[in-house]
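Reader: I would like to go through the cysteines and the internal cavities of this protein. Could you show me what we are working with?

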Amino acid sequence: MLRFSLLWLLVFSFSSSSARPAPYAMRISCGARQNVRTPPTYTRWYKDFAYTGGIPANATVPSFITPPLKTLRYFPLSEGPENCYIINRVPKGHYSVRIFFGLVKHDIDNEPLFEVSVEGTIIHSLKSGWTNNDEQVFAEALVFLLDNTISICFHSTGHGVPAIISIEILQIDDKAYYYGSEWGKGVILKTTSRLTCGTSKPKFDADYSGDHWGGDRFWHPIRTLRKNADESRSTESSIKKASVAPNFYPEALYQSAIVSTNSQPDLIYTMDVEPNKNYSIWLHFAEIDASITSAGQRVFDVLINGNTVFQNIDVVNMSGDRYVALVLNTTVALSGRTLTITLHPKKGHHVILNAIEVFQIIVAESKTSPEEVRALQALKKALGLPNRFGWNGDPCVPTEHPWSGADCHFDKSGRKWFIDGLGLDNQGLRGFLPNEISKLHHLHSLNLSGNTIHGAIPSSLGTITSLEILDLSYNFLNGSIPESLGKLTSLRRLNLNGNSLSGRVPTALGGRLLNGASFNISDNPGLCGIPGLPKCGPHLSAGAKVGIAFGVFLSLLLLVICSWCWWKRRQNILRTQQIAAARSAPYAKARTQSSQDIQMSRYPSRGRTATENGPSLLS
């Protein structure tokens with residue numbers, strides 16, 4: 001009892017703290033060119049951004065619960081089988097992620113079927129008829145984001161074009177929906193159903209004036225579970241212990257309920273589920289029936305698919321009073337396709353139920369090594385990979401939708417996926433091979449044959465020590481075969497034929513050929529140095545060639561500088577000789593003497609004797 005009291009005190013103090021900041025919230029109006037606000041709460045939606053492809057268009061809204069937005073973004077197959085929204089600078093934490101689907105205007109007869117993944121894990125598969133079911137016009141999941149980014153991807157299944165109206169990323173409490181020891185950062189809770197009982201009005205948390213840390217949940221109304229078998233109850237009295245951490249349920253959720261009757265004492269709710277999955281079930285109670293005044297007057301059991309999971313539930317006794325919220329949670333493994341929740345009375349008045357939440361428990365996929373993802377993205381850019389390939393999101397997960405041409409291997413010890421094969425032969429690829437390709441450290445096979453790739457073979461390829469098959473045949477590669485390829489001791493097959501390579505074949509590769517490896521370097525007229533190819537002339541390494549070229553350049557530069565200096569000195573000598581010759585001419589001498597006589601006659605007082613002037617320089 002002391003432990004419960006202390007826990008409640010901590011929870012109450014935490015929830016009542018006014019210092020807690022507002023949660024992170026990002027709402028995107030897909031296809032929109034400017035920010036918009038929607039009634040009745042004037043929610044702000046940001047204009048479309050962070051998408052990898054797709055086409056904006058006018059939207060047809062399939063349900064009245066869909067945000068009243070006018071645009072969407074759709075992803076035709078020409079944009080690739082996978083398209084994503086990749087949003088950066090998202091604070092680490094726990095989030096409710098919700099995606100609303102739409103129909104392209106003037107194409108409402110074509111109901112698209114596709115799959116949705118968050119952080120590489122499939123959270124939803126649209127099924128035929130989803131446009132006629134309010135609870136299926138959106139997908140929602142609770143997920144932990146650990147690296148300040150989130151990827152939300154849409155995977156085509158060949159049945160129509162994925163079309164998205166809006167995306168919401170709403171931060172919730174880090175401990176929200178904790179259900180036991182198996183709960184954690186490696187688990188995703190997919191919202192399967194969320195019901196508010198005894199009312200016919202669908203509402204979001206915002207409509208209930210709920211706490212923003214609750215994630216603005218949508219509550220589907222259900223006035224009766226079975227016609228003429230139960231009754232609704234409602235109250236305007238306040239409900240205690242409702243909007244508290246970590247789930248922050250809106251108080252109004254507990255102000256309506258369904259109670260059973262004499263004609264059907266049990267309350268029974270049945271829904272379809274995916275077989276062989278685990279589900280987390282949350283049941284909400286508050287004794288709001290005026291006929292119940294004290295504990296012991298209503299006691300019942302809760303059964304899941306016929307198995308008792310809670311016994312002798314007395315809402316007043318367990319919550320502490322009337323008009324106090326009580327939440328019960330259990331986890332069940334279901335092998336069939338049906339979930340049936342039964343509330344069976346045991347004592348006193350009939351059973352009561354305020355709300356139900358059902359989540360499918362999904363183990364989050366391990367992701368691909370970030371370094372290898374960046375390497376593939378650099379390769380995609382360098383080769384100008386066509387849009388039809390997609391190559392968006394994670395290369396290896398979801399495992400149902402890996403990148404085209406990429407083979408993946410899961411490392412159980414490191415809990416990461418790696419790329420161990422790339423097959424992109426005969427795909428019309430252009431561009432060059434980037435050095436980043438060497439970051440695919442676990443590559444066993446690389447086949448880029450039959451394309452129009454140009455440039456040199458990067459020497460960094462020689463650092464992929466696991467490489468066994470390298471096929472770059474029938475491209476436009478030039479330059480020499482890197483010496484580093486001779487260090488690939490695991491290499492069993494090398495095809496470089498049909499290119500414009502030149503120079504000496506590395507000696508190590510020639511030795512490997514003698515040991516039974518399969519090499520094909522034909523149709524490269526400039527290659528030499530191994531049996532079957534022309535003999536090489538004096539061969540210099542690339543470094544030596546660069547050194548010689550640099551030396552020649554310095555020599556030419558020195559020659560130019562010396563020539564310029566000689567020319568300048570020659571010009572100065574010629575100019576000096578010309579001046580001296582001009583002064584020694586007879587006319588120049590006479591003119592100089594005449595000038596001196598004139599000056600002496602004008603200024604006699606300044607005249608000096610030979611003694612005053614010093615010794616004469618002329619004899």
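Author: The disulfides come first below, then the unpaired cysteines and the cavities; please note that this is a predicted model.

Reader: How many disulfides are there?

Author: The count comes to three disulfides. With the bonded cysteines numbered in sequence order, they pair as 1-2, 3-4 and 5-6.

Reader: What separates the two sulfur atoms of Cys-84 and Cys-153?

Author: They lie 2.0 Å apart, and the two residues form a disulfide. This pair links distant parts of the chain, with Cys-84 in strand E6 (residues 82-88) and Cys-153 in strand E12 (residues 149-159), 69 residues apart.

Reader: Is that disulfide of Cys-84 and Cys-153 right-handed or left-handed, and why?

Author: The torsion about its S-S bond is about 105°, so the disulfide is right-handed.

Reader: And is Cys-153 buried or exposed?

Author: Cys-153 is buried, because its relative accessibility of 5% is under the 20% cut-off. Cys-84 is buried as well, with a relative accessible area of 0%.

Reader: Which cysteine is joined to Cys-396?

Author: Cys-396 is joined to Cys-408, with an S to S distance of 2.1 Å. Cys-396 sits in the loop between helix H3 (370-383) and strand E27 (406-411), while Cys-408 is in strand E27, twelve residues apart from Cys-396. The torsion about the S-S bond is -85°, and the link is left-handed.

Reader: Where do Cys-396 and Cys-408 stand on accessibility?

Author: Cys-396 counts as buried at 3% relative accessibility, whereas Cys-408 is partly exposed at 25%.

Reader: What about Cys-528 and Cys-536?

Author: A disulfide joins them, with 1.9 Å from S to S. The torsion about their S-S bond is about 110°, so this disulfide is right-handed. Both cysteines are buried.

Reader: Which cysteine sulfur is nearest to that of Cys-565?

Author: The nearest is that of Cys-562, 6.4 Å away, and Cys-565 is in no disulfide. Cys-565 counts as partly exposed, at 42% relative accessibility.

Reader: Changing topic: how many cavities of 30 Å³ or more are there?

Author: There are three cavities of 30 Å³ or more. The largest cavity holds about 50 Å³ of space.

Reader: Which residues line the largest cavity?

Author: Its lining is formed by Ser-96, Glu-140, Leu-142, Ile-172, Tyr-177, Arg-194, Gly-214, Gly-215 and Arg-217.

Reader: And what is that lining by class?

Author: The lining has three nonpolar, three polar and three charged residues.

Definitions and conventions. Residues numbered from 1 in each chain as written. Predicted model: local features only at pLDDT ≥ 70, side-chain atom pairs only at ≥ 80, totals over all residues. Heavy atoms only, no water. 1 Å grid on protein atoms, 1.4 Å probe; cavity = no way out; pocket = protein on both sides within 12 Å on 5 of 7 lines; lining within 4 Å. Points joined across faces, edges and corners; volume = space filled by probe spheres on them. Nonpolar A, V, L, I, M, F, W, Y, C, P; charged D, E, K, R; others polar. Disulfide = S-S within 2.5 Å. Helix = DSSP H or I, 4+ residues; strand = E, 2+ residues; numbered from the N terminus. Buried < 20%, exposed > 50% of the residue type's maximum accessible area, 1.4 Å probe, protein only.
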